[in-house]
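Trainee: I am new to this one. Could we go through it in short questions and answers?

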Amino acid sequence: GGARLARKILQQLGMLQLSEPLKLVLTSARAHRPQGYQASIAAMIVSAGIGCHAGLSECDTQHLVLGALLHDVGEMYLNPEYLDNRRVLSPEEWEHVVWHPCVSQSFLREFATFPAAINDSVLQHHERPDGHGYPFRLARDQIGFLGALLGTADTIAAIIMREKDDVASRVSAALRLLPEEFPTAA
C-alpha cells in the first residue's frame, strides 16, 4: 500500500537528474549545514508518507517530495548565525530569515525547470492557514495544497530532528494541539 508507494517515490527521486547548480547547493548544504540538510531529508521522508496517506497521485507526491528536498536551499544564502536556534534574532536579522522561501523559489526558477506546483510549494512552506506565516502572511484559501502539506512535513521533520526519543508521541501531540495549522483533504 502506501508505505510501498512512498519507498518507490523516494527511490525514484534518487534517479532524478538535477542541474549542476542544484547539485552544488545541495552538496554545499550537506557539507556546511548538515543539520539543515538532514532536516530536508527528514522532510522528504515525511512528505512521501503524507502524500501517500493523503491519497495524492503519484505525480503530486513526487512533487511534494522534491519540494521537501529543495525547500530550504535559500537558507544557503543566509548568515549561518541567523539559523542558530539558540540565538535571539534582531528584527533586521529575522527579516533576512523570513525571505528565504523567496530566495529558494528564485533559485529553482533560475536553475531548474520544475512544474509551478513545486516552486509554489517551496515558496509557501512557511505560510500558515491563520495568516501568521511568512513571507507573505497568506490566508488558508491563498495557500496551495502542496504548499500547506510541505509546511506540515517541514514542521513534523523539525519535531523529529529535535530529539531522537519518543518521536511518535511528539508528532501526535503536535498534530492534536495545533490542528488548524495542518491542512486536511478537501
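Trainee: Is glutamate 75 buried or exposed?

Mentor: Keep in mind that this is a predicted model. The relative accessible area of glutamate 75 is 10%. The cut-off for burial is under 20%. Glutamate 75 therefore counts as buried.

Trainee: Which side chain does glutamate 75 meet in a salt bridge?

Mentor: The bridge runs from N to O over 2.7 Å. The partner is buried too, with a relative accessible area of 18%. The side chain that meets glutamate 75 is that of arginine 33.

Trainee: How many residues apart in sequence are the parts that this pair ties together?

Mentor: Glutamate 75 lies in the loop between H4 and helix H5 (91-98). Arginine 33 lies in the loop between helix H2 (20-32) and helix H3 (34-53). So the pair ties together parts whose separation in sequence is 42 residues.

Trainee: How many salt bridges does a search of the whole structure find?

Mentor: One of them joins glutamate 75 and arginine 33. Another joins aspartate 84 and arginine 86. The search of the whole structure gives a total of five.

Trainee: How far apart are the closest N and O atoms of aspartate 84 and arginine 86?

Mentor: Aspartate 84 is partly exposed, at 26% relative accessibility. Arginine 86 is exposed, with a relative accessible area of 77%. Their closest N and O atoms are separated by 3.0 Å.

Trainee: Which residue forms a salt bridge with glutamate 93?

Mentor: Glutamate 93 counts as buried, at 15% relative accessibility. Its partner is partly exposed, with a relative accessible area of 30%. The closest N and O atoms are 2.7 Å apart, and the partner is arginine 87.

Trainee: Let us turn to helix packing. At what angle do the axes of H4 and H8 cross?

Mentor: Two packed helices are described by the angle between their axes and the distance between the axes. H4 covers residues 58-70 and H8 covers residues 145-162. Their axes come within 10 Å, and the crossing angle is roughly 50 degrees.

Trainee: Why are H4 and H8 called oblique to each other?

Mentor: The crossing angle is roughly 50 degrees. Angles under 35 degrees would count as roughly parallel, and 65 to 115 as roughly perpendicular. The angle of H4 and H8 fits neither range, so the term is oblique.

Trainee: Which residues of H8 make the contact with H4?

Mentor: H4 brings Asp60, His63, Leu64, Gly67 and Ala68. By class, the contact has five nonpolar, two polar and one charged residues. The H8 side is made by Leu146, Leu149 and Leu150.

Trainee: How far apart are the axes of H4 and helix H7?

Mentor: H7 spans residues 116-124. The two helices pack at an angle of about 45 degrees. That makes H4 oblique to H7. The distance between the axes is 9 Å.

Trainee: Is the crossing of H4 and H7 left-handed or right-handed?

Mentor: The contact is made by His63, Leu66, Gly67 and Leu70 of H4 and Ala117, Ile118, Ser121 and Val122 of H7. By class, that is five nonpolar, three polar and no charged residues. As H4 passes H7, the crossing is right-handed.

Trainee: Where is leucine 26, and which residues is leucine 26 in contact with?

Mentor: Leucine 26 has its place in helix H2. At 12% relative accessibility, leucine 26 counts as buried. Leaving aside neighbours within four places in sequence, the contacts of leucine 26 are Leu18, Tyr37, Leu69, Leu70 and Val73.

Trainee: Is the peptide bond from tyrosine 134 to proline 135 cis or trans?

Mentor: Proline 135 is found in the loop between H7 and H8. Omega of the bond from tyrosine 134 is near 15 degrees. The peptide bond is cis.

Trainee: What is the phi of arginine 137?

Mentor: Arginine 137 also lies in the loop between H7 and H8. At 53% relative accessibility, arginine 137 counts as exposed. Its phi is positive, in a residue other than glycine, and has a value near 55 degrees.

Trainee: What distance separates the C-alpha atoms of glycine 144 and leucine 70?

Mentor: Glycine 144 lies in the loop between H7 and H8. Glycine 144 is partly exposed, with a relative accessible area of 29%. Along the chain, glycine 144 and leucine 70 are 74 residues apart, and their C-alpha atoms are separated by 17 Å.

Technical notes:
Residues numbered from 1 in each chain as written. Predicted model: local features only at pLDDT ≥ 70, side-chain atom pairs only at ≥ 80, totals over all residues. Heavy atoms only, no water. Axes fitted to C-alpha atoms, helices over the stretch in contact; angles between N-to-C directions. Helix = DSSP H or I, 4+ residues; strand = E, 2+ residues; numbered from the N terminus. Parallel < 35°, antiparallel > 145°, perpendicular 65-115°, else oblique. Contact = heavy atoms within 4.5 Å. Nonpolar A, V, L, I, M, F, W, Y, C, P; charged D, E, K, R; others polar. Salt bridge = Lys/Arg side-chain N within 4 Å of Asp/Glu carboxyl O. Buried < 20%, exposed > 50% of the residue type's maximum accessible area, 1.4 Å probe, protein only. Left-handed = near helix turned anticlockwise from the far one by under 90°.
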